[in-house]
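Student: I have a structure open and I'd like to learn how to read it feature by feature. Can you walk me through it?

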Number of protein chains: 2
Amino acid sequence: MSDLLNRLRGRGWRMTAQRRVVAEVLDGDHMHLTADEVHARAAARLPEISRATVYNTLGELVSLGEVLEVSTDRRAKRYDPNAHRPHQHLVCAQCGAIRDVHPSGDPLAALPDAERFGFTISNVEVTYRGICPDCTSA
Amino acid sequence: MSDLLNRLRGRGWRMTAQRRVVAEVLDGDHMHLTADEVHARAAARLPEISRATVYNTLGELVSLGEVLEVSTDRRAKRYDPNAHRPHQHLVCAQCGAIRDVHPSGDPLAALPDAERFGFTISNVEVTYRGICPDCTSA
DNA sequence: TGCCCACCTTGGATCCGGTCCAAGGTGGGC
DNA sequence: GCCCACCTTGGACCGGATCCAAGGTGGGCA
């Protein structure tokens, strides 16, 4: 966990209380929080932290490759701290819950050259949608 | 093309000038237009059509299964009139252009039961991201 | 140890896609 | 041709995200 902070320091991040708190919130439990949820949890520890700073910091973590942005619907983006193991997402269409999943095989292999239209493809996102057990029984 | 209008009439759609124009815009060339683009094209034929009506009509077409909603990024949703042949999307990360593609195999088969966490999975979306030829050369 | 400035934070304004609403208009069944 | 259930309208509103100018501060350097 201070691994993350060390990596960030090593990349020239000026370490401030705000950034530390945001990084720790994400690194704490591996959930898929929205920016507002991150802000709420950060504010629990550092009451005066602003939304703008949370957005800035999340954006930096994303561009450093430490965190992934996941927007599975029109609601708020979610931030996925599990950036270092490739995975896909399983999303509940009702409550929006997200689980990381690890399908077998390489989805990119399924796309023949003739269907690539000259694009330089850099990644593939697979989103499985359905209803989670909680919403099914409710 | 009047196939679409006939299907809609058959489902009890009250046919108004506005709805006809929106349906025709989508059915015309098989592109992936945003709601605003649909509005602009519709307004070219029916100047006083409102944005609200375009949104309403698009929403109805989606819930009738005649059109698919595609939101590949945080920008505006796009509407895909090609709802009757299953396909996936190839998206340019730079300009946002979308192409329909038809990968081989069933992506759902790649997800083992142990990774389904009790979800009732209803569909799978695959989005290939990359840079299109136009943006590569530019 | 202390200074200083480049970088960071702040909150309020602003943007943008989308939705809501109440009032007025109209398709199409009778 | 009438009438009303349904449709359209535009303007207000919403929520997530971003921008901005003003003030604060980490940490390199002396």
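Tutor: Sure, let's begin with one contact: a polar side-chain atom of Q18(B) lies 2.9 Å from a sugar or linking oxygen of DNA strand D. A polar contact here is a pair of N or O atoms within 3.5 Å; within protein, one must be able to donate a hydrogen and the other to accept it, and residues adjacent in sequence count only if both atoms are side-chain atoms. Before going on, some ground rules: this is a predicted model, where local features need pLDDT of at least 70, side-chain atom pairs count only at pLDDT 80 or more, and totals for chains, interfaces and linings use all residues. Residues are numbered from 1 along each chain as its sequence is written, chains are lettered from A and ligands numbered from 1 in the order in which they are written, and side-chain values use heavy atoms, with hydrogens and water left out.

Student: Which atoms of Y55(A) and K77(A) lie by a phosphate oxygen of DNA strand D?

Tutor: For Y55(A), a polar side-chain atom sits 2.9 Å from a phosphate oxygen of that strand. K77(A) uses a backbone N or O atom instead, at 2.8 Å from a phosphate oxygen of DNA strand D.

Student: Which residues come nearest to DNA strand D?

Tutor: A residue is near a molecule or strand if one of its heavy atoms lies within 4 Å of it. Around DNA strand D there are 19 residues, and M15(A), K77(A), T16(B), Q18(B) and T53(B) come nearest. Looking from the DNA side, 72% of the strand D atoms within 4 Å of the protein belong to sugar or phosphate, and the rest to bases.

Student: Which helices supply the surface near DNA strand D, and what is its make-up by class?

Tutor: Helices (H or I, at least four residues) and strands (E, at least two) are DSSP runs, numbered from the N terminus. Helix 4 (51–63) of chain A, helix 2 (17–28) of chain B and helix 4 (51–63) of chain B each supply at least two residues. By class, there are seven nonpolar, five polar and seven charged residues. The classes go like this: Ala, Val, Leu, Ile, Met, Phe, Trp, Tyr, Cys and Pro are nonpolar, Asp, Glu, Lys and Arg are charged, and the others, Gly among them, are polar.

Student: And which residues are closest to DNA strand C?

Tutor: That strand has 19 residues around it, with T16(A), Q18(A), T53(A), M15(B) and K77(B) the closest. Sugar and phosphate make up 70% of the strand C atoms that come within 4 Å of the protein. As for individual contacts, a side-chain N or O atom of T16(A) is 2.5 Å from a phosphate oxygen of DNA strand C, and one of R19(A) is 3.0 Å from a phosphate oxygen of that strand. K77(B) brings a backbone N or O atom to 2.8 Å from a phosphate oxygen of DNA strand C. Helix 2 (17–28) and helix 4 of chain A, plus helix 4 of chain B, each give at least two residues to this surface.

Student: What relates chain B to chain A?

Tutor: Copies are superposed by least squares on the C-alpha atoms of residues with pLDDT of at least 70 in both. Here a turn of 179 degrees and a shift of 0.0 Å along the axis lay chain B on chain A with an RMSD of 0.1 Å. That's the relation of a two-fold axis. The same surface serves both copies, as 100% of the contact residues of chain B recur in chain A; contact means heavy atoms within 4.5 Å.

Student: Which residue of chain B comes closest to the rotation axis?

Tutor: V126(B), whose C-alpha is 2.3 Å from the axis.

Student: Is G130(B) buried or exposed?

Tutor: Buried means under 20% relative accessible area, exposed over 50%, and partly exposed in between (1.4 Å probe, protein chains only). G130(B) counts as buried because its relative accessibility is 1%. This glycine lies in strand 6 of chain B. Leaving aside neighbours within four places in sequence, G130(B) contacts F119(A), T120(A), I121(A), S122(A), V91(B), C92(B) and A93(B).

Student: What is unusual about the phi of F117(A)?

Tutor: Most residues other than glycine have a negative phi. F117(A) has a positive one of about 50 degrees, and this residue is in the loop between strand 5 (98–101) and strand 6 (120–131) of chain A. At 29% relative accessibility, F117(A) is partly exposed.
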